[in-house]
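Could you walk me through this structure in plain language? I'm new to this, so please take it step by step.

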Amino acid sequence: MNSKLLFQVIKNRRSIRKYGPKKVKIEKIEKLIEAARWAPSAGNSQPWKFAIIANKKTINALKMITPGWLGVDDPPIIIVVCLDTKRATPYSHIDVGAAMQNILLYAHSSGLGCCTIASFEIDSTINLLGLPEDIKPVLFITVGYPDQEPINPSRLSLSELIVKRLE
Amino acid sequence: MTRKKKESKSGNEYLFEIISFLITSTKRCLNSESEYCPTRLVQALYQLSFLPDYIQELKDDDFLFKMRQQIEKLYSEGDFWQKPTFKEFTNALSNELLDEIKKRKYIK
């Protein structure tokens, strides 16, 4: 297992808001979902479901109901990460976060770029996508081939993050 | 962060985007994102500042262009939503507004 390589993927991943014209093959998107599938979840509840949106008109419609769509150019794909309320536990928001991170890291390692958007109108999204009653959208992930190289943002230092050491 | 006007978009379409943004932001701010309200309003103002690209009558509106510049300057700073930066920005914007109000002779 190459932990150095994995750490580079983790460290170099950036939110990508500008995309090139190259089409993303559906097999690549399915691999992202495959990565999400292996995320941990409370009691192996696997409370996530996904909608893959590659239709330009639908993407434009979703953009209209997404106040959090800040500075993202037209992405070729949106993955709508949903919660299956029939499988949800009180910890499902953590599980969905883990699934999301698997998608982001695997995307970056395979040459794709993503941006996560959490501020969107939920009821309108359910209506627009015709989602079943027990499936609640919780996150958009825009996906495409990057057309930018964002600069490294600042991060708090380790000493600022570690509030207690008991050895 | 200057946005290019998309030539294929009409003024009507552009206005509809702004309306959508305001309606969905209102709902989100009411339900779970109340602290985002000021930044959403600024975002809407930024979108409005591009109206001259679509409406001939507004082509020479200096004030809208000034607003756009102010907001782009804000966006170019990291963590612009942090209180001190944002407060300075709203003060600057208010001063610009007051100057414009006087310039337009609302105050006799």
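Here is a tour that starts with aromatic rings and then moves on to charges, helices, backbone angles and a buried side chain. One thing to keep in mind as we go is that this is a predicted model.

Let's begin with the aromatic rings. Counting over all chains, the structure has five aromatic pairs. Take A:F120 and A:F140: their ring centres are 4.0 Å apart and their planes meet at 15 degrees, so this pair is stacked. The cut-off behind that word is that planes under 30 degrees apart count as stacked. Where do A:F120 and A:F140 sit in chain A? A:F120 is in the loop between β3 (113-117) and α5 (122-129), while A:F140 belongs to strand β4 (residues 135-144), so the pair ties together parts that are 20 residues apart in sequence. And are these two rings buried or exposed? A:F120 has a relative accessible area of 1%, so it counts as buried. A:F140 is buried as well, at 0% relative accessibility.

Now hop over to chain B, where B:F86 and B:F89 make another aromatic pair. This one is tilted, with 5.8 Å from centre to centre and 40 degrees between the planes. Both partners are in helix α4 (residues 83-103) of chain B, and because they are three residues apart there, about one helical turn separates them. B:F86 and B:F89 are both buried. Chain B also has an aromatic cluster, formed by B:Y46, B:F50 and B:Y75.

Rings can have charges over them too. B:F50, from the cluster we just met, has the charged end of B:R68 sitting over its ring, 3.9 Å from the centre. In chain A, A:K22 lies over the face of A:Y145, and here the distance to the ring centre is 4.3 Å.

Next, let's look at how two helices of chain B lie against each other. The axes of helix α3 (residues 62-76) and α4(B) come within 11 Å and cross at roughly 170 degrees. That angle makes α3(B) roughly antiparallel to α4(B), because angles over 145 degrees count that way. Which residues make the contact? From α3(B) they include B:F63, B:M67, B:I71 and B:L74, and from α4(B) they include B:A92, B:L93 and B:L97. You'll also spot B:F86 and B:F89 from the tilted pair among the α4(B) residues of this contact. What kinds of residues are these? The contact divides into nine nonpolar, two polar and three charged residues.

Back in chain A, have a look at the backbone of the loop between α2 (26-37) and β1 (48-53), where A:N44 is found. A:N44 isn't a glycine, and yet its phi is positive, at about 50 degrees. A:Q46 lies in the loop between α2 and β1 as well, and it too has a positive phi without being a glycine, this time about 45 degrees. A:N44 is exposed, with a relative accessible area of 54%, whereas A:Q46 is partly exposed, at 29%.

Our last stop is B:Q43, in helix α2 (residues 37-48) of chain B. With a relative accessibility of 9%, B:Q43 counts as buried. What does B:Q43 touch, leaving out residues up to four places away in sequence? Its contacts are A:P67, A:W69 and A:L70 from chain A, along with B:F21 and B:Y75 from chain B. You may recognise B:Y75 as part of the aromatic cluster with B:Y46 and B:F50.

Conventions: Residues numbered from 1 in each chain as written. Chains lettered and ligands numbered in written order. Predicted model: local features only at pLDDT ≥ 70, side-chain atom pairs only at ≥ 80, totals over all residues. Heavy atoms only, no water. Phe/Tyr/Trp six-rings, centres within 6.5 Å; stacked < 30°, edge-to-face > 60°. Helix = DSSP H or I, 4+ residues; strand = E, 2+ residues; numbered from the N terminus. Buried < 20%, exposed > 50% of the residue type's maximum accessible area, 1.4 Å probe, protein only. Lys NZ or Arg CZ within 6 Å of the ring centre and 35° of its normal. Axes fitted to C-alpha atoms, helices over the stretch in contact; angles between N-to-C directions. Parallel < 35°, antiparallel > 145°, perpendicular 65-115°, else oblique. Contact = heavy atoms within 4.5 Å. Nonpolar A, V, L, I, M, F, W, Y, C, P; charged D, E, K, R; others polar.
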